[in-house]
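This briefing gathers a few local features under short topic headings. Please read it with the sequence and the coordinates at hand.

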Amino acid sequence: HRKISDQEVKQILSLRKRLYYDFNIMHFMDKLHEVHKIPYCYESIRQILMKNQVHVPRKKRKAYRQRRRMSKAGMLVQMDSSVHYWLPLVEDKWWLLAMIDDATNEVPYAQFFPKDTLFANMHVIRRFLELKGTFLSLYVDKASHFTTTRHGGLHYQVAPEHDDTQIERALRELDIHLITANSPQAKGRIEVTFRFFQDRLIKEMRLAKIKTYRQANTFLLTTFLPWYNAKYTHPAELVYMPLPAEKNLDTVFCVKKERTVNKDHAIQFYGQVIQLPSSQKTLSLANRKVDVCLLEDNQLVVMFKNMVLVESKLQTNNKTVKRAFVVENLSNQREYVATRENNR
């Protein structure tokens, strides 16, 4: 009485060949349960596929010991990026940036970007903070926008002290501790999640007929992540804290540089002269230190003791900015090639 009828076997094989030909068995079983109301278990479906030579089992992978999860949500958040051909009809590889809570496995926010840039990483961190609040530690790799890593060369270890990166400075302003991993395996939680996304997300987007990365970002945020978080997260006590009311995230997640005011109340930033008005707190700003914040949309904000002095905009033909973007893209390409070589 528990035997699967021949008609149901034909239906399962037909669905497998027509729609779900590239799905793994677990993903295929979920679709049979959720969409087609076919309630059979994993092993029953696996035996049907093997018996009809639709599925060929492969050797089991070597199992490694996993690090224990954090006991509370918000104690440790992992962040990484994955470059991949996410859309088969699009020739360009895009970067998926995501953050995952180590305790719950929740991915509150992720987004596709054409490049793995400083502002792209800042945008993802900021959206995570706006959705969940501040957390204790962020676990990342040693990419150049997270930390400054010295390599061998003529000036190797000549000056061990170096300035913090912009992300290190932004996280320090929010009292978030940055931890860098020495290998991809150390960030196993998010590496496994990316492998899951490279399997299921790509196939779900194919079924949804996603053709552009703009549509992919909408599908990711409105459909895939809510489904993933409802199905694959674990309950845990929360230690997330609200964002400090006095913090303006626009002037936290930016490129912030210190400048000395000239006697004519002007400063130079990326080759551009900015004239400052007189301050209400002091009669003269000459020889004073001010902070210049470059925002994601090329807006400039000049601040003195957390007070906004002037707002301006960076010129579109600024050579320093263009050169900085070229250097950053070359650095990302070298890191991508090095990662591929290490994986081989």
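**Strand pairing and backbone details**

Strand β8 pairs with β11, which spans residues 289–294, in the antiparallel sense over 6 bridges. The model is a predicted one, and the points below treat the sheet that contains this pair, then a buried arginine, and finally two residues with positive phi.

**The sheet**
- The strands β8, β11, β12 and β13 follow one another in that order in an open sheet of 4 strands, and their pairing is antiparallel.
- At the edges lie β8, covering 255–260, and β13, covering 307–313, each of which pairs on one side only.
- On average, neighbouring strands of this sheet are turned by 25° against each other, with direction ignored.
- Within the pairing of β8 and β11, K256 stands opposite C293 of β11.

**A buried arginine**
- R189 is part of helix α6, which runs over residues 188–207, and its relative accessible area is 12%, so R189 counts as buried.
- The R189 side chain makes a polar contact with the side chain of D102, at 3.4 Å.

**Positive phi outside glycine**
- Most residues other than glycine have a negative phi.
- K209, although not a glycine, has a positive phi of about 60°; K209 lies in the loop between α6 and α7 (213–232), where it is exposed with a relative accessible area of 67%.
- N306 is likewise not a glycine and has a positive phi of about 65°; N306 sits in the loop between β12 (299–304) and β13, and its relative accessibility of 74% makes it exposed.

Methods
Residues are numbered from 1 along each chain as its sequence is written. This is a predicted model: local features need pLDDT of at least 70, side-chain atom pairs count only at pLDDT 80 or more; totals for chains, interfaces and linings use all residues. Side-chain values use heavy atoms; hydrogens and water are left out. Two strands pair if DSSP finds at least two bridges between them. Helices (H or I, at least four residues) and strands (E, at least two) are DSSP runs, numbered from the N terminus. Axes are lines fitted to C-alpha atoms, for helices over the stretch in contact, and angles run from 0 to 180 degrees between N-to-C directions. Buried means under 20% relative accessible area, exposed over 50%, partly exposed in between (1.4 Å probe, protein chains only). A polar contact is a pair of N or O atoms within 3.5 Å; within protein, one must be able to donate a hydrogen and the other to accept it, and residues adjacent in sequence count only if both atoms are side-chain atoms.
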